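Here's a walk through one protein model, written for someone who would rather look at side chains than at file headers. Keep the structure open and follow along.

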Amino acid sequence: MSHEADEGRLSASSSVTISELIESWLDLVETDLASTTIDGYRNLVRWYIEPGLGHVRVGRLTAPQLDTFYKALQRKKGLSSSTVRKVHAVLRRALKHAVKWGWISINPALNATPPRQRKHEIEPPSLDQVRLLVQTAETVNPPFAMFLRLAAASGLRRGEICGLRWSDLDARTGVLLVRRSIVQTTQGLEVKDTKTHAARRMALDKTTLAALAAHRVRMEARARECDTTMRLNAYLFSNVEDCAVPWRPDVMTNMFNKLCKRTGVRGVRLHDLRHLHATQLLGAGVPVRTVSGRLGHANAATTLNVYAHFVEVSDQQAAGIIGDLLDNDASV
């Protein structure tokens with residue numbers, strides 16, 4: 001009876017296409033995923049999956065067919081390995097639900113072979129490059145210079161910086177509370193929690209704290225000039241007089257790119273200020289767990305995986321330090 005029931009479910013869904021499956025799956029998981037994630041999935045479906053596989057019936061999709069599809073995306077569409085793997089992930093997850101629903105008995109994506117993910121070496125900007133960018137911004141856009149200083153000093157993601165409110169900063173202790181992020185969706189800006197869905201506290205250096213104090217004085221003066229005051233929940237970075245609306249993350253990236261062009265700094269992204277923060281701390285021997293906490297990684301293993309090369313450098317320095325101590329002790 002069980003076999004007959006399975007056959008009945010499979011045959012009943014024999015006309016379901018890949019496009020219909022994915023749409024059903026997205027409707028199911030939409031409330032559990034970030035809107036930006038859903039938007040990304042829908043773009044992958046619209047641009048690549050629907051044109052190539054949308055018409056294929058779910059029950060007739062095979063692993064070799066997926067492999068051919070992935071190769072075509074790379075060779076004909078010129079997609080990177082990373083993008084093809086994202087396409088594969090969408091198909092694998094949707095097909096997993098097709099198995100759960102009894103539409104197919106085996107997930108063909110599990111036996112497919114997406115292209116390998118090439119690991120890119122992190123090349124953070126030099127301290128001189130960052131100093132030049134901040135100093136140049138000071139002359140043309142002081143608030144943006146503060147944004148860059150904070151990015152380098154904290155290692156925060158751009159959306160996390162945009163989401164900071166003055167109430168998140170304890171000026172007395174010099175501790176910053178990071179508990180939200182600004183994200184962009186097709187509906188506009190949204191306030192979300194952090195990437196790991198957990199708040200974190202971090203200490204800021206005295207120079208950055210002093211710069212933030214001066215930045216606040218500047219924002220309060222702007223509000224007074226416009227016959228208003230900053231709101232109690234004002235954002236650190238805002239273009240409106242009462243600081244009720246945060247800066248947009250994509251605008252920050254555009255401003256940074258223009259600043260790089262103005263200064264002649266090449267090959268540096270706004271996100272690389274985060275890499276600078278991490279690599280400088282690791283190179284100075286700061287414990288990985290501490291660096292991981294400042295970056296907001298889910299665990300130290302993530303930090304080790306991303307910055308393995310720089311941890312090795314720190315480890316070599318540690319070996320030299322302990323060796324010097326032992327040698328000095330032996331010479332006494």
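## Pockets first

The largest pocket has a lining of 49 residues, and those that lie nearest its centre are Lys-86, Arg-157, Lys-195, His-271 and Arg-274. Bear in mind while looking that this is a predicted model.

The volume of this largest pocket comes to about 1,600 Å³. Plenty of elements chip in to its lining: helix 3 (35-53), helix 5 (81-100), helix 7 (142-154), helix 8 (158-162), strand 3, helix 10 (249-263), helix 11 (272-283) and helix 13 (300-306) each give at least two residues. Sorted by class, the lining of the largest pocket holds 14 nonpolar, 21 polar and 14 charged residues.

Now for the second largest pocket, which has a volume of about 310 Å³. Its lining is made of 13 residues, with Leu-127, Val-130, Arg-149, Ala-152 and Leu-276 lying nearest the centre. Helix 6 (127-140), helix 7 and helix 11 are the elements that give two or more residues to this lining. Which helix gives the largest share of the lining of the second largest pocket? That's helix 6, with 5 residues. By class, the lining of the second largest pocket splits into 7 nonpolar, 3 polar and 3 charged residues.

Here are the two pockets again, side by side.

| Pocket | Volume | Lining residues | Classes in the lining |
|---|---|---|---|
| Largest | about 1,600 Å³ | 49 residues | 14 nonpolar, 21 polar, 14 charged |
| Second largest | about 310 Å³ | 13 residues | 7 nonpolar, 3 polar, 3 charged |

## Strands and hairpins

Next, the strands. Three of them, in the order 1-2-5, form an open sheet with antiparallel pairing. Strand 1 and strand 5 are the edge strands, each pairing on one side only.

Start with strand 1 (residues 169-170), which is joined to strand 2 (residues 175-178) by 2 bridges, the two running antiparallel. Leu-169 has Leu-176 in strand 2 as its bridge partner. The two strands make a hairpin with 4 residues between them, and in this hairpin Gly-174 takes a positive phi near 75°.

On to strand 5 (residues 200-203), which pairs with strand 2 in the antiparallel sense over 4 bridges. If you want to trace that pairing on screen, find Val-175, which stands opposite Ala-203 in strand 5, and then Val-178, which stands opposite Arg-200 in strand 5. As a rule of thumb for reading such a picture, side chains in a regular strand alternate between the two faces of the sheet.

There's another hairpin to look at. Strand 3 (residues 181-185) and strand 4 (residues 188-192) are paired in the antiparallel sense over 5 bridges, and 2 residues sit between these strands in the hairpin. In this pairing, Ser-181 stands opposite Lys-192 in strand 4. Strand 3 has turned up before: it is one of the elements that supply at least two residues of the lining of the largest pocket.

## Aromatic rings

The structure holds 8 aromatic pairs. One of these is Trp-47 with Tyr-48, an edge-to-face pair at 6.2 Å centre to centre with 75° between the planes. Are these two rings' residues buried or exposed? Trp-47 counts as partly exposed because its relative accessible area is 47%, whereas Tyr-48, at 16%, is buried because the cut-off for buried is under 20%.

Trp-101 and Trp-103 make a tilted pair, 5.0 Å centre to centre with 55° between the planes. Both residues are partly exposed: Trp-101 has a relative accessibility of 29%, and Trp-103 has a relative accessible area of 22%.

Elsewhere, Phe-144, Phe-147, Phe-237 and Trp-247 form one aromatic cluster. There's a charge over a ring too: Arg-165 lies over the face of Tyr-235, at 4.2 Å from the ring centre.

## One loop residue

Last stop: Ala-112, found in the loop between helix 5 and helix 6. Is Ala-112 buried or exposed? Ala-112 is buried, as its relative accessible area is 11%. Along the chain, Ala-112 and Pro-143 are 31 residues apart, and their C-alpha atoms are separated by 50 Å.

Note on methods
Residues are numbered from 1 along each chain as its sequence is written. This is a predicted model: local features need pLDDT of at least 70, side-chain atom pairs count only at pLDDT 80 or more; totals for chains, interfaces and linings use all residues. Side-chain values use heavy atoms; hydrogens and water are left out. Two strands pair if DSSP finds at least two bridges between them. On a 1 Å grid over the protein atoms alone, a cavity is a set of points where a 1.4 Å probe fits but cannot get out, and a pocket is an open set with protein on both sides within 12 Å along at least five of seven lines; lining residues have an atom within 4 Å of a point. Grid points are joined across faces, edges and corners, and a volume is the space filled by probe spheres set on the points. Ala, Val, Leu, Ile, Met, Phe, Trp, Tyr, Cys and Pro count as nonpolar, Asp, Glu, Lys and Arg as charged, and the others, Gly among them, as polar. Rings of Phe, Tyr and Trp (its six-membered ring) pair if their centres lie within 6.5 Å; planes under 30 degrees apart count as stacked, over 60 as edge-to-face and the rest as tilted. Buried means under 20% relative accessible area, exposed over 50%, partly exposed in between (1.4 Å probe, protein chains only). A charge sits over a ring if NZ of Lys or CZ of Arg is within 6 Å of the ring centre and within 35 degrees of the ring normal.
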